[in-house]
Structure formats: structure tokens, C-alpha cells
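Me: Hey, can you walk me through this structure? I'm new to this, so plain words please.

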Amino acid sequence: MTTSKVPHRFANLHGDSGVQVGKTVGKFGWLPPVVFGVGALALWEVVVRVAGVPAFILPTPSAIGAQIVAQPAVLLSTSWATGLNALVGLVAGFVLGVVLALLAASSRLLSDLTTPVVAAASAVPIVALAPVFTTMFGSTTEIPRRLVVMLVVIVPVFIATARGLRQVQPVHAELMTALAATPWQHARFVRLPGAIPHIMTGLRLAAPAAVIAAVVAEYFGGLQNGLGSRISSAAANTAYARAWAFVAASIVLGLLFHFAGLLAERLVTRRTLRRTP
Amino acid sequence: MKGTSAVELVGVDKDFGEVNALSGIELTIGGGEFVSLIGPSGCGKSTLLRVVADLEQPSAGTVTVGGKPPRQARVDQEYGIAFQQAGLLEWRTVAENVELPLHVHGMAKPQRQARAAELLELVGLADFAGSRPSQLSGGMQQRVAIARALAPSPRLLLMDEPFGALDEMTRERMQAELLRIAGETGAAVLFVTHSIPEAVVLSDRVVVMSPRPGRITEIVTGRRPAVGKAAELDPDDVEDVRESSAFFAAITAVREALRKGHEA
């Protein structure tokens, strides 16, 4: 009787609260964050100038801005290189995560094999594998970074997909049994379409994480063509404002992936579950 | 009616661990016959239907569906099934939901679509072929579920309280619909219900069951409108049945059988 309380502590871990199709923002919903952001930048500028904070601790936003304006081509090409790594890793990790979850759902044995591995993988700081991969594949290839991104992406996608696949209405499961559907037909007609909102939530969560992984993976050597490598080399050369300019570019890249993921989630979820007009 | 029986149950028992859900069930349903199972909760009427559908395995006895073992009958889609919940797939249109059994069975798309259009015509929902299930009322959704059950032209329709979640008016309309559909398709129907009038108005025979252990206590002749008229059956005929004295006599008979089973 005392144990009956315990599951509640973990109940929300498995709830479907993750299916958030995005809240409707009012007409001027964008205004408060923009005002806040501009205000924060202004405060930053004033504080750094008035207090005389040295540049190696914190450069002024105007100095960072000057760096951005000074080399747009480099910022663009490095963002492209990192963005492409993030995208390739995201797509590969997404496909693998969904396929693995499908396999896990199709048989008890595969589920028992894969689920603990993925659970363990979610506890591993996967970016820490970057130097190992660089040694394995050499420092003249993008493969190590893309591999890191892929591994980072697989975990949330697998977990979200597996959860979606498990949430089959009993009446649907019964129906497919009565129709003598094969496991593959069951997956294709019922489990997978029903899991799509969950899968898209997994993708939305994984998208910005892919950028973070792509940037951080570059800190550990290899090609010097991306944002992460430029951040670390600029910082090493005491070019602090330049380092910050690349940080700003990676923020923009991360936001881009975040909103793309959000958009994909909303579009797909709306298409599959069109409600009464 | 056809010579072969739609369902044959001989000495069927079903145990769930200690619980004796079904005991010594003997029942034969003829081709085109409409048989209702009625009884209090826990009398095993749903279990009996699920045994016929091969969703449960009997503990003893033999079950034959369309002359085949239940498993083979299920694989060959010898029966169509409808549950209390319509259970439509929200990501498919109404027509695509009706096509589902044919899709599972690998029928080509043009044939599937033609058959779905035919069935939606039959259940009076031709105008809603492209709609999403959530756009339909509960009664309409249940009609789609019936059309889906009929898609592979089964000789047997299994229905587990399909109108249980509908309001009384919709329910009576659906009963008239079902009688017309059963008449037009000539399919046998095994129908589980809680409602005495529903069982009487629909059935050729009403099978009364009692719990602990689940068994058949009596079989009462129902008041299904004559088969000859079924093809052009209109709701007024069903209304006439509902107001006839024979209908009330049958209801009384079922009620007494239920009470006897309860006391036993």
C-alpha cells in the first residue's frame, strides 16, 4: 500500500505531454522577447564599457558585431560546413532511430536487446567520443563529426518513436489481429501512423541538439572548416571578439534548426491528424 | 439459406485460470441466421464471440467457422467484426478505413476503392468517403465500422455490442439499418448485446446466457422481420415489429429466462 505512491513520481516521464503541437502566439507575441533581447544587449554594452571589463573576459556586443560585419563570407562558409554536418547527422540519426524503434517494437527479443543499449547511450556524453572517432577516421574527413551528431540524434528519436509505437489503442490492435495482419502491416497501417506525432516531437528535440553536437565535436581537432573549430582557434589566438562572432553564428544556426524542427512537427502533425474544421 | 452452417460450437469450455468463463457451449448458427447473445456482465457472451473470432482459444471443445477451424477462418477473412468502439483509424479517410481489410489482404487499389464506394453506398455514407472519421457522429462512425467489417464479403458478421455507446434514437435507427444490411448481404450475424428489445427485434434466435460458469440457459425465438421482405425493409416494418404483441411476448420470455438463469 505504501508502494502505490511510487509510480506517480515517474508518471510524467512516460506521459504524452511531449506532444505539443506548438502554442498559438498572439499577433505581437514576438515583441516581448525582441525588446528583452535588445535591452539585454544594450545593458551588456554599457556594463562592459563602464566597468572596464577586459576583452578576454567579455567583449562588447559592438566589438562582436564589428567582427560579424568584417567577415560575412567566412561566417557563412563555416556555418554552412557545420550546418551540413548537423543536417547529415540529423537525417541519418533520425532514420536509424525510427528504424531501430520499429525493430524493437516488432519483437520482444529485439526490444530487450536495444532498449537498454539506447538507455545507456542516453547517459553517455556522446560528444566525448569525437576525439576517438577523429583518430579512427582521420582528421581530413567530416565523418567523425557526422557520426557524433548521428549518435546524439538517435537517442531522443528512438525513445520518442518507441513510446509512440507502444501507444496503440486496444481496439486497433484487436482489429488488426482479427484481420490476420502481419506484424509489418500492423506497423505500417496502425503503429507507425499513430506514432507520427511522437516521432516528430523526437525530431524537434533532436534538431537543435544536432547543431550543438556538430559545433562541439569540432573542438576536438580535425578539419578547420566549421564554426566550432573557428571558435576554439580564435579563442586560442586571443581574438575574443572573433570567437564570439562565431558563437553568435552557431546560436543562429541552432535557432534555425530549432524552428525548422518545430515547423516540420506542426506541419506533419496537422496533416496526419486533421481535426474537425 | 445455405446448407453449411456459419458457426458450430461443440462442447466449448473456456477457463481463465481459476475462472470458468464458458462451460459446455453447444450452438450452431445457420447460414444467414441472426443470433444474439444476451446475459448479465460476466456471463461470457463476449468471450464466446472472441472464441469464434479466434481472438481467444477455447480450453476444450471444437469450434468451426464457415466449415474451417477458427484460425484458418480468421486468416481467410471468413468473418467481419465490429466492436463497441468503432475503432476507425484517424489518419485514413472514411473510404480508406472501409478499404482496410482489403488492403491487409493485398487487393489492388482500384478494386479496393470500387468496393469501398459500394459499401459506403450500402450504409448511406457515400457523401462522406473523403471525410476524416473525427468529422462523423458516433452513429456514422459505427456505420463505417460495419461497412469495414463487410468489406471482404464475409458470410459471417461478429458484432460485440456495436450500438452500446449510441443514444437510444440513433440505436433504433442503426438496428433497422443493420437488419436491412444483413438481409441484403445474406450474412449470418452473431450479435452480443445487453439490451433485450435490441436482441428480440434483430434476431432469429436469442441465446440467453448466465454467469459462473458462463453457459447457455435458454434459446428464445426472436422477432426479426421476415427475410423475404428484408431486401426492401424500411424502418416502418421494424417499427411495426416493435409495437406488435409477439414482440412483447418475446421480450417477456427473454426476461424470464434471464431471471431464471440468475436464480439458478
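**Chain B and its surroundings**

Reply: Sure. For a chain of 264 residues, a compact globule would have a radius of gyration near 18 Å, and chain B has 18 Å, so it agrees with that expectation. Keep in mind that this is a predicted model.

Me: OK, and what box do the C-alpha atoms of chain B fill?

Reply: Roughly 55 × 40 × 35 Å, taken along the principal axes.

Me: How many helices and strands does chain B have?

Reply: Chain B has ten helices and nine strands. Buried residues make up 49% of its 264 residues. Also, if you take the contacts in chain B with a separation of 6 or more, 70% of them join residues 24 or more positions apart.

Me: Let's start at the beginning of the chain. How do E1 and E2 of chain B pair?

Reply: They pair in the antiparallel sense, over eight bridges. E1 of chain B covers residues 5-16 and E2 of chain B covers residues 19-30. One bridge to look for: Asp15(B) has Asn20(B) in E2(B) as its partner.

Me: And what's in the turn of that hairpin?

Reply: There are two residues between the strands, and Gly17(B) takes a positive phi near 60 degrees there.

Me: Next up, helix H1 of chain B. How many of its residues are buried?

Reply: Eight of its eight residues, so to speak a helix that is mostly covered. Lys45(B) and Arg50(B) are among the buried ones, along with Leu48(B), Leu49(B) and Val52(B). Just after H1(B), Asp54(B) has a positive phi of about 65 degrees.

Me: Which other residues have a positive phi without being glycine?

Reply: Glu161(B) is one of them, with a phi of about 45 degrees. Arg212(B) is another, with phi near 45 degrees. For background, most residues other than glycine have a negative phi, and most peptide bonds are trans.

Me: Where does Glu161(B) lie, and is it buried or exposed?

Reply: Glu161(B) lies in the loop between strand E6 (156-160) and H6 of chain B. Glu161(B) counts as buried because 20 other C-beta atoms lie within 10 Å.

Me: And Arg212(B)?

Reply: Arg212(B) lies in the loop between E8 and E9 of chain B. Arg212(B) has 13 other C-beta atoms within 10 Å, so it is partly exposed. The peptide bond from Arg212(B) to Pro213(B) is cis, with omega near -10 degrees. Pro213(B) also has its place in the loop between strand E8 (205-210) and strand E9 (215-221).

Me: Switching topic: what domains does the assignment give for chain B?

Reply: Domain 1 is 5-78 + 154-263, and domain 2 is 88-151. Their C-alpha centres lie 24 Å apart. The contact between them takes 13 residues from domain 1 of chain B and eleven residues from domain 2 of chain B.

Me: Which helix gives the largest share on the domain 1 side?

Reply: Helix H6 (residues 168-185) of chain B, with six residues. That side of domain 1 of chain B divides into eight nonpolar, three polar and two charged residues.

Me: What about the largest nonpolar core?

Reply: The largest nonpolar core has 87 residues, and those with the most contacts inside it include Val52(B), Leu156(B) and Val254(B). Helix H5 (residues 138-150) of chain B gives the largest share of this core, seven residues. Both domain 1 and domain 2 of chain B give residues to this core, so it lies between them.

Me: Which residues is Val254(B) in contact with?

Reply: Leaving aside neighbours within four places in sequence, Val254(B) is in contact with Ile38(B), Ile196(B), Ala199(B), Val200(B), Val206(B), Val208(B) and Val220(B). Apart from that core lies another one of 54 residues, with Ile64(A), Leu100(A), Leu147(A) and Ala195(A) among them.

Me: Last thing: how many residues does the contact take from chain A and from chain B?

Reply: The contact takes 19 residues from chain A and 18 residues from chain B. On the side of chain A that touches chain B, helix H8 (170-178) and helix H9 (183-217) of chain A each supply at least two residues. H8(A) gives the most, with six residues. That side of chain A divides into ten nonpolar, six polar and three charged residues.

Note on methods:
Residues numbered from 1 in each chain as written. Chains lettered and ligands numbered in written order. Predicted model: local features only at pLDDT ≥ 70, side-chain atom pairs only at ≥ 80, totals over all residues. Helix = DSSP H or I, 4+ residues; strand = E, 2+ residues; numbered from the N terminus. Rg over C-alpha atoms; globule rule 2.2 N^0.38 Å. Buried ≥ 20, exposed ≤ 12 C-beta atoms within 10 Å, placed from the backbone. Contact = placed C-beta atoms within 7 Å. Pairing = 2+ DSSP bridges. Nonpolar A, V, L, I, M, F, W, Y, C, P; charged D, E, K, R; others polar. Domains from an automatic or database assignment. Core = buried A, V, L, I, M, F, W, Y, C linked by C-beta atoms within 7 Å.
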